[in-house]
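Visitor: I'd like to learn how to read a structure like this one. Could you walk me through some features?
Guide: Sure, let's put it on the screen and take the features in turn.

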Amino acid sequence: MAYIAAISVLVFAVIATSSAADTDLLQDICVADLASGTKVNGFVCKTNVSATDFFFDGLAKPGLTNTTSGAVVTGANVQKIPGLNTLGVSLARIDYAPGGLNPPHTHPRATEIVFVLEGQLDVGFITTGNVLISKSIKKGEIFVFPKGLVHFQKNNGKEAAAVIAAFNSQLPGTQSLAATLFAATPSVPDNVLTKAFQVGTKEIEKIKSRFAPKK
């Protein structure tokens, strides 16, 4: 019941603010044709629609947290649920191993609200005035990350943790700061990064090597 209540609260909150993100729909439904080569702001509508287009069970089980950061995000957006196209909402489940981190990142198209399913997390976001707003949150509690601001979640506990996240966008987008700067293709020039971070080229190359694709 707590799981269902969490989803209900998050979806209601997202729907209430959805007008601030994606544009409003102009018909009852517009199920995304993910196979279409036509490029529009969103996805073109497909003709044949079924209940499957509005269903997804991928958040029912914990994701595998054996990643470099010790956290994994399972999205439930328009790319997984085509029926979300033009509806301006989506969800995600984030699982954290003990010590796991969802690294500093932004969502350029959405505000995020998280509900803690299990465990305890240290979370925060940084304002454009460089002020850190942070708090420790535990099972049953909620925290909001404003649209476009850099934010993070860290599991400093000894047990696994998990949250359900809701967004007021069908595809909020994610830019992880470290990966964006040090793993872009083509790569960001070293002289830009050395100047920005006030370090030498060797330090920049060392960080880039950590983000290079594994061979």
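Visitor: Let's begin with helix 3. Which residues on the other side of helix 3 are exposed?
Guide: Keep in mind that this is a predicted model. For a helix, ask which residues are covered and which are not. Here N191, K195 and A196 are exposed, while the buried residues of helix 3, which spans 190–197, are D190, L193 and T194.

Visitor: And why do the buried residues of helix 3 line one face of the helix?
Guide: Look down the helix axis. The buried residues of helix 3 fall within an arc of 100°, so they line one face.

Visitor: D190 caught my eye. Which residue meets D190 in a salt bridge?
Guide: That's K208, and the N to O distance is 2.7 Å. The two belong to distant parts of the chain: K208 is in helix 4 (201–211) and D190 in helix 3, 18 residues apart.

Visitor: Are K208 and D190 buried or exposed?
Guide: Both K208 and D190 are buried.

Visitor: How many salt bridges does a search of the whole structure find?
Guide: Five. One of them joins the side chains of K46 and D53, at 2.8 Å from N to O. To read the setting of such a pair, check each partner: K46 counts as partly exposed at 28% relative accessibility, whereas D53, at 6%, counts as buried.

Visitor: What about E118? Which residue forms a salt bridge with E118?
Guide: K139 does, with the closest N and O atoms 3.6 Å apart. This pair also links distant parts of the chain: E118 sits in strand 4 (112–118), K139 in the loop between strand 6 and strand 7 (142–145), and they are 21 residues apart. E118 is partly exposed, with a relative accessible area of 42%. K139 has 52% and counts as exposed, because the cut-off for that class is over 50%.

Visitor: Now disulfides. How many does a search of the whole structure find?
Guide: First the general idea: a disulfide is a covalent bond between the sulfur atoms of two cysteines. The search finds one here, formed by C30 and C45 with their sulfur atoms 1.8 Å apart. Those cysteines are 15 residues apart, C30 and C45 each being in the loop between helix 1 and strand 1.

Visitor: Why is the disulfide of C30 and C45 called left-handed?
Guide: Check the torsion about the S-S bond. For C30 and C45 that torsion is about -100°, so the disulfide is left-handed. As for cover, C30 is buried at 5% relative accessible area, whereas C45 is partly exposed at 41%.

Visitor: What is the place of I29?
Guide: I29 is in the loop between helix 1 (2–17) and strand 1 (71–76). I29 counts as partly exposed, at 44% relative accessibility. Together with V49 and F54, I29 makes a nonpolar surface patch of about 240 Å².

Visitor: On to sheets. In what order do the five strands of the open sheet come?
Guide: When you read a sheet, follow it from neighbor to neighbor. The order is 6-5-8-3-10, with antiparallel pairing. At the edges are strand 6 (132–138) and strand 10 (175–176), each pairing on one side only.

Visitor: How many bridges join strand 3 to strand 8?
Guide: Three; strand 3 covers residues 101–106 and strand 8 covers 150–154. As a landmark, H105 stands opposite H151 in strand 8. Between strand 5 (120–126) and strand 6 there are seven bridges, and F125 has I133 as its bridge partner in strand 6.

Visitor: What do strand 5 and strand 6 form?
Guide: A hairpin, with five residues between the two strands. In the turn, look at backbone angles: N130 has a positive phi of about 65° although it is not a glycine. N130 is also exposed, with a relative accessible area of 68%.

Visitor: Where does T86 lie?
Guide: In the loop between strand 1 and strand 2 (90–96). T86 isn't a glycine either, and its positive phi is about 75°.

Visitor: One last backbone feature: which peptide bond is cis, with omega near -10°?
Guide: The one from T185 to P186. You'll find P186 in the loop between helix 2 (177–182) and helix 3.

Definitions and conventions
Residues numbered from 1 in each chain as written. Predicted model: local features only at pLDDT ≥ 70, side-chain atom pairs only at ≥ 80, totals over all residues. Heavy atoms only, no water. Patch = residues over 30% accessible without salt bridge, like charges linked within 9 Å, V, L, I, M, F, W, Y side chains within 5 Å. Areas by Shrake-Rupley, 256 points an atom, 1.4 Å probe, with all protein chains shown as cover. Salt bridge = Lys/Arg side-chain N within 4 Å of Asp/Glu carboxyl O. Helix = DSSP H or I, 4+ residues; strand = E, 2+ residues; numbered from the N terminus. Buried < 20%, exposed > 50% of the residue type's maximum accessible area, 1.4 Å probe, protein only. Pairing = 2+ DSSP bridges. Disulfide = S-S within 2.5 Å. Arc of directions from axis to C-beta.
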